[in-house]
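Notebook open, model loaded. Today I'm looking at strands, who pairs with whom, and what sits on top.

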Number of protein chains: 2
Amino acid sequence: MSFDVLQDKIRDKKNPTVAGLDARIEYVPEYIRQAAFEEYGVGLKGAVEAIWQFNVGLIDALCDIVPAVKPQSAYYENLGWQGMEMLERTIRYAKEKGLFVIADIKRGDIGSTASAYAEGWLSGAKIEGQVFKSFDADCVTLNGYMGSDSINPFLEAAKAEDKCAFVLVKTSNPGSGELQDIVAGDRLVYQVMGDLNERIAAGTEGKYGYTMAGAVTGATYPEDIKALRKRLEHTFFLVPGYGAQGGTAADVANAYDNYGHGSIANSCRGIMCAWKKTGGDGHDFKEAARAAAVAMMNDIAQYVTVL
Amino acid sequence: MSFDVLQDKIRDKKNPTVAGLDARIEYVPEYIRQAAFEEYGVGLKGAVEAIWQFNVGLIDALCDIVPAVKPQSAYYENLGWQGMEMLERTIRYAKEKGLFVIADIKRGDIGSTASAYAEGWLSGAKIEGQVFKSFDADCVTLNGYMGSDSINPFLEAAKAEDKCAFVLVKTSNPGSGELQDIVAGDRLVYQVMGDLNERIAAGTEGKYGYTMAGAVTGATYPEDIKALRKRLEHTFFLVPGYGAQGGTAADVANAYDNYGHGSIANSCRGIMCAWKKTGGDGHDFKEAARAAAVAMMNDIAQYVTVL
């Protein structure tokens, strides 16, 4: 009923970072792609199997270094239902390896529709009085533009299983300010969203003091993170934007509390595509991903000590 | 590159409404459910096949009455990848029957991630230089909280195929005002969103004067719709909230222009669950759905004439 499970895993590994699993076929080394296309043909099935093998390799290489992985649903939906089937497999495999899985789905809908999403991604579908799980992630990302109606059903579903969610507050993209930075009285829109989110989840704080409704706050706006850290003291942060998007370890450091708790920084391309920078042909993708994950951990450790 | 395709279909049928396909197992008549569970077992596969048969019956019963259907992705994701496979089948079948398909996915992400969604849902995945389609809807719904970065990639993907999108502006739920009605200078947040959306899509107007980026505006806030109709003269509206949620034909009528163009009203439960009100056991679900769709069309025709 909070972020305790994730925070415990972060403390175990002394590593407050999460590796993205953004399954683009261009990120998969040539030798894996070719083998999959030869076996399954050039098409959705071939791409799905190539990415599956890549994901398994990444999870194997990272599972004793990082506490969590974050598959981005867009890259699986890109490949239709076959991609979604592989996403289910990927989530299951990552959990078997002890990883906390944040499904980056950014869903946002209301009432019974939001409940349907929450069941599919967290608590399982209800059919004839029985529960059937499918995606079964530990945590999801959400979009709260529709208000508390779009957040509460996920918190209800998550409570039963000690799962949790991150709601978009201040995102890392260049255009995030077009709506999020609009001045609304004495606040900005993203502050309204953050305040609303913390209020909705009040009372669900766990042993570390964080509620079950975290916030996405982009590393590319470090001053905003610093202010949000003070403003939302019970909100756990997910911080995208480190590395390829321009966020530094010093930027990311603003998201943690004095114990090095309360936040997790994400890197995707920097880890998944590390093999493209070794000069090799991709056969070293596991070692390269692992080295990049260790480098990110050490980079952030210069600024943040997880107690 | 606009809403011309949908508007033409609306004019052909003189019916500016869309039937929701919100695939809840509870909406399926007992005799279909039982047969599917007997054949496939009580579980995801059984539920998927029961809903598939229900969807086919609804599409058959409605395809000469309504111009469009709107499957809600939440109810398919609820059943995992097997639900997503059935959603692909449903979209394909509806298109074969001449229906315009609005996939109600409310996705919102940025840059290459948004492009990945757009490919999956509209233009097809790119693999080794070839294009492979999966969900292949005519139109999607989007959440623009992340700004233009989350809308533009969909418009790019949609342009190539004369498809389009609806962006959430003022939603129909009770809590929609928590964020959307916040005062931001001389506007409300949802007006900022609507203005931004119309500006992003400027230049894509078709023969009816509407851009390819429509807006979702809930029937439950009729005064807001009336003001938005004047404010966003180039924006096509999708209006949920008729019927079960409390919106009336008079409310919905505010969304149309003087030619009865520029908007489409959605009903879901009122049509899908019409069989629950006939006193029968569900064997009449097709006739009941058809009668409800005709009743909705006639109800709105009291206020709106499609020229």
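How many bridges join strand β11 of chain B to strand β12 of chain B? I counted three, between residues 237-239 and residues 263-267, and the two strands run parallel. Worth remembering that this is a predicted model. For a landmark in that pair, I noted B:Val239, which stands opposite B:Ala265 in β12(B).

Next entry: the other end of the strand list. Strand β1 of chain B (residues 17-21) is joined to β2(B) by four bridges, again running parallel. Looking up one partner, I found B:Gly20 bridged to B:Lys70 in β2(B).

I then stayed on β2(B) and checked its other neighbour. That is strand β3 of chain B (residues 100-107), paired with β2(B) in the parallel sense over two bridges. Here B:Ala68 has B:Phe100 in β3(B) as its bridge partner.

Which way do the β2(B) side chains point, and are they buried or exposed? B:Ala68 and B:Lys70 go one way from the strand (residues 68-71), B:Val69 and B:Pro71 go the other way, and all are buried. So noted, lysine included.

Now the whole sheet. I traced eight strands of chain B closing into a barrel, in the order β1-β2-β3-β6-β7-β10-β11-β12, with parallel pairing. From one strand to the next, the twist averages 30°. My reminder for the margin: strands of a sheet pair through backbone hydrogen bonds, either parallel or antiparallel.

Last lookup was a helix. Helix α7 of chain B (residues 152-159) lies across β6 (139-142), β7 (164-170) and β10 (213-217) of chain B. I put down its angle to β7(B) as about 150°.

Notes:
Residues are numbered from 1 along each chain as its sequence is written. Chains are lettered from A and ligands numbered from 1 in the order in which they are written. This is a predicted model: local features need pLDDT of at least 70, side-chain atom pairs count only at pLDDT 80 or more; totals for chains, interfaces and linings use all residues. A residue is buried if 20 or more other C-beta atoms lie within 10 Å of its own, exposed if 12 or fewer, and partly exposed in between; C-beta atoms are placed from the backbone. Two strands pair if DSSP finds at least two bridges between them. Axes are lines fitted to C-alpha atoms, for helices over the stretch in contact, and angles run from 0 to 180 degrees between N-to-C directions. Two residues are in contact if their C-beta atoms, placed from the backbone, lie within 7 Å.
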